[in-house]
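Dear colleague,

Here is the structure I promised to pass on to you. Please open it beside this message, since the notes that follow go through it element by element.

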Amino acid sequence: MIRNITLALSGVLLFLLLQSAFIVQQTDQTLVLQLGRLVRVIKAPGLFWKTPFIQDTITYDNRILGLTVPATEVTLGDQKRVVVDMFVRYRIHNPVAFYQSVRNEQGAQSRLMSLISGFARSILGKKNLEDLLSERRVGVMDQIRERLNQAARLLGLQVVDVRILRADLPPANSLAIFERMISERRKEALEIRAVGSEKSNIIRANARLKGERIMADAIEKVGKIRAAGQKAAQTIYRDAYGQSPEFAYFYQTLAAYRQALKKQTVYVLHPDQPFMHLFNGTPSSISSSASSPVSPSKPSPHRQTQR
């Protein structure tokens with residue numbers, strides 16, 4: 001009987017011991033409540049004691065926590081609408097104020113979301129799209145963090161960082177902007193092609209004009225060279241014909257025959273026709289005819305041509 005009572009008392013003492021002891025980890029901070037009233041705040045790690053059944057403990061994380069804010073559509077100062085994604089890094093700085101205001105992390109995240117949404121709209125409403133797409137974006141995020149940190153201190157929170165993950169135009173606006181960009185690029189392409197075509201026509205016209213000038217100069221030079229050659233040839237012919245008038249007359253007559261008597265051409269002439277004197281004359285008659293040559297271009301009217 002005594003043994004049973006001893007075992008029962010040992011069990012009760014062990015239960016009371018387990019209910020009285022609690023451990024605070026390095027990453028935690030603990031509040032000790034007595035009948036709902038705060039009596040102690042423990043931030044250091046270790047083993048601690050409490051009054052069982054009267055005192056309770058609430059533990060909060062002491063590390064930096066993260067919160068991703070859903071995409072929010074905001075109107076900027078230049079009246080452009082953008083979709084902004086942000087995330088927040090915060091920690092529970094004052095567990096007492098945190099317990100009295102939001103109680104738990106779910107309540108803290110809900111309050112932070114509403115606060116950052118309002119501050120983001122207020123600050124971004126004074127900025128332009130260029131501010132979010134340039135180096136000034138860091139300053140915008142710092143302004144949001146400072147405003148949010150001031151409000152979060154009342155909740156026992158310390159905002160460590162606020163970052164804008166993405167700042168894009170709404171899908172409808174993006175499509176319209178892409179269409180406008182395509183139209184502008186096409187317009188620029190047409191202008192570039194027009195300028196190129198104009199320059200091409202100018203280059204072709206200049207080349208054509210230059211070619212015509214070169215051709216005209218060449219024709220002029222050819223004419224001069226040909227005229228000089230003909231003049232030299234006439235001089236040579238004159239000198240040669242002056243040395244032998246009979247040979248000159250004979251040569252010119254043969255040339256007249258070659259010109260008049262074409263291939264497959266038949267002439268019917270009178271034997272006394274002067275044009276045929278080389279065929280029925282003598283050297284003496286040739287010599288006498290050399291002084292008064294007959295024009296080879298006037299044959300007898302009794303000509304018959306067969307082809």
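**What was found**

D142 is found in helix α5, and I begin there because the residue is partly exposed, with a relative accessible area of 30%. Along the chain D142 and R163 are 21 residues apart, while in space their C-alpha atoms are 8.6 Å apart. Please keep in mind throughout that this is a predicted model.

**The chain as a whole**

The protein has nine helices and eight strands, and of its 307 residues 25% count as buried. It exposes about 21200 Å², of which carbon and sulfur atoms supply 57%. If one takes the contacts between residues at least 6 apart in sequence, 65% of them join residues at least 24 apart.

**The sheet of β6, β7 and β8**

Helix α5 packs on a sheet, so I turn to that sheet next. Three strands form an open sheet in the order β6-β7-β8, and the pairing is antiparallel. The edge strands are β6 and β8, each of which pairs on one side only, and from one strand to the next the twist averages 20°. As a general matter, strands of a sheet pair through backbone hydrogen bonds, either parallel or antiparallel. Here β6 and β7 pair in the antiparallel sense over nine bridges, and within that pairing the bridge partner of L67 is V88, in β7.

Two helices deserve attention alongside these strands. Helix α3 lies across β6, β7 and β8, running at about 35° to β6. Helix α5 packs on the sheet as well, touching β7 and β8, and its direction makes about 140° with that of β8.

**The nonpolar core**

In soluble globular proteins, nonpolar side chains tend to be buried together. The largest nonpolar core of this model has 38 residues, and those with the most contacts inside it are M86, V88, I116, L124, L132, L148 and L157. At least two residues of this core come from each of β2 (28-34), β6 (65-75), β7 (81-92), α2 (95-101), α3 (105-124), α4 (129-132), α5 (137-152) and β8 (157-168). It is α3 that gives the most to this core, with seven residues. The core also draws at least three residues from each of domain 1 (17-60) and domain 2 (63-169).

Which residues does L132 touch, not counting those up to four places away in sequence? They are L76, V82, L124, R137, V140, I164 and A167.

Of these, I164 lies in strand β8, and it is a useful residue to look at in its own right. With a relative accessible area of 7%, I164 is buried, because that value falls under the 20% limit. Leaving aside neighbours within four places in sequence, I164 is in contact with V84, D85, M86, L132, R137 and M141. One of these, D85, is 79 residues away from I164 along the chain, yet the C-alpha atoms of the two are separated by 5.9 Å.

**The sheet of β3, β2 and β5**

A second set of three strands forms an open sheet in the order β3-β2-β5, again with antiparallel pairing. Here β3 and β5 (55-61) stand at the edges, each with a single partner strand, so one side of each is left without a neighbour in the sheet. Neighbouring strands of this sheet are turned by 25° against each other on average, direction ignored.

Strand β2 pairs with strand β3 (residues 37-42) in the antiparallel sense over five bridges. Among the bridge partners, L31 is matched with V41 in β3, and L33 with L38, also in β3. The hairpin of β2 and β3 has two residues between the strands, and in it L35 takes a positive phi near 55°.

**The pair β1 and β4**

Finally, four bridges join β1 to strand β4 (residues 46-49), and the two run antiparallel. Within this pair V24 stands opposite G46 in β4. Which face of strand β1 (residues 21-24) is covered, and which is uncovered? F22 and V24 make up the covered face, whereas A21 and I23 make up the uncovered one.

With best regards

Technical notes. Residues numbered from 1 in each chain as written. Predicted model: local features only at pLDDT ≥ 70, side-chain atom pairs only at ≥ 80, totals over all residues. Heavy atoms only, no water. Buried < 20%, exposed > 50% of the residue type's maximum accessible area, 1.4 Å probe, protein only. Contact = heavy atoms within 4.5 Å. Areas by Shrake-Rupley, 256 points an atom, 1.4 Å probe, with all protein chains shown as cover. Core = buried A, V, L, I, M, F, W, Y, C linked by side-chain atoms within 4.5 Å. Domains from an automatic or database assignment. Pairing = 2+ DSSP bridges. Axes fitted to C-alpha atoms, helices over the stretch in contact; angles between N-to-C directions.
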